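Please look first at the fold as a whole, and then follow the text from its sheet to its pockets.

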Amino acid sequence: MKSVTKLVVLALSPILLMLISCGRHSQSETFYLVSNNLSLAYWKTAAAGFNSAAARYKVTAKVVGPDTYDPQAELQELNHAVAAKPAGILISVADEALLKPGIDAAVAAGIPVITMDSDAPSSHRLFFIGTNNLAAGRLGGERVAEKLGGRGNVVFFSMPGQPNLDDRLKGFKDVFALHPEIKIIDVVDIKGDARNAFDNTQQYLTQTGVARVSAFVCLEASSGKVVADAVRRQKVTDRVVLAWDVEQDTLAEITDGTIEATISQKPFTMAFVGLKELDEIFHNKPASLTKDYSVDAFSEYPVFIDTGTSLVDKANVDLYSRAASEHK
């Protein structure tokens, strides 16, 4: 009889473990992803990763923020999220100086905060998940320097003040410092509107002689395809265009040959891992959320989770196009 009872218990154990595991989570546990530019394909991909993780853990996910580049509106959404007292907040920081007080207020209220995509290292966030943007900039810089033969004028399209974009630019500058005949003649602030990249590209394409621009570098996702469009309209075939991220239009321009290459990131992974980490922290909160764990050699938390980058060009663009199609 005892052996039969033992067999029944063993048979039921996996079911009991499943029930115990499922019991850890609840739809009342709400996690927020806060960002800018939510209308971009990049952030739709990130939202898909966040929602996918929420479905797996059977918790509630909310993705909030302005559809356009608007740090002030992002701050308002962050404040609303903090007031809702969620289980955790994942945030991409458009302006560190502006958003730091809101992040610190969330942590002071006992809400775990992790940054993704764009960091705020001076804040009390626990750690950062995303691209090593400095290394990604160097990767792009090496391709541009190679294609230019170490000589030429370069124009960048960015949004100065956004931490991840500034780090990318620094990576390019590190590489160009080894090639003194490569000159950065402008860093255009597109102010969150890709049309500014288009207009400036058209203008720079008219310049000749020593002012001739040899390469256009886009440090964010939206400007690559419009810069390529401006180059094509003027029937220019001897300029280097380097884009960022793997939107379908960007990949098509690589296949076409108008864009030389793009830097691939993993927003789905960033957001998926972000919710997963927040869930773990919520259920196993540290004694202090405000402690600087980066100087603790025995910390449970990393300083940075690198989700990876790669350079996409004609040699491997088909792989990325196929993957994008499979995840529509």
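In which sense, and over how many bridges, do strand β4 and strand β5 pair? In this predicted model, strand β4 (residues 113-116) and strand β5 (residues 128-130) pair in the parallel sense over two bridges, where pairing requires that DSSP finds at least two bridges between two strands, and T115 stands opposite F128 in β5. Local features need pLDDT of at least 70 and side-chain atom pairs pLDDT 80 or more, whereas totals for chains, interfaces and linings use all residues. Residues are numbered from 1 along each chain as its sequence is written, and side-chain values use heavy atoms, with hydrogens and water left out.

The wider setting is an open sheet of six strands in the order β2-β1-β3-β4-β5-β11, with parallel pairing; strands (E, at least two residues) and helices (H or I, at least four) are DSSP runs numbered from the N terminus. Because β2 (60-64) and β11 (304-306) stand at the edges with a single partner strand each, one side of each is left without a neighbour in the sheet.

Turning to the pockets, each is an open set of points on a 1 Å grid over the protein atoms alone, where a 1.4 Å probe fits, with protein on both sides within 12 Å along at least five of seven lines, and lining residues have an atom within 4 Å of a point. Of the 24 residues lining the largest pocket, T45, V246, A323, A324 and H327 are the closest to its centre, and α2 gives the largest share of the lining, five residues. The second largest pocket is lined by 14 residues, with V236, T237, R239, G257 and T258 nearest its centre.
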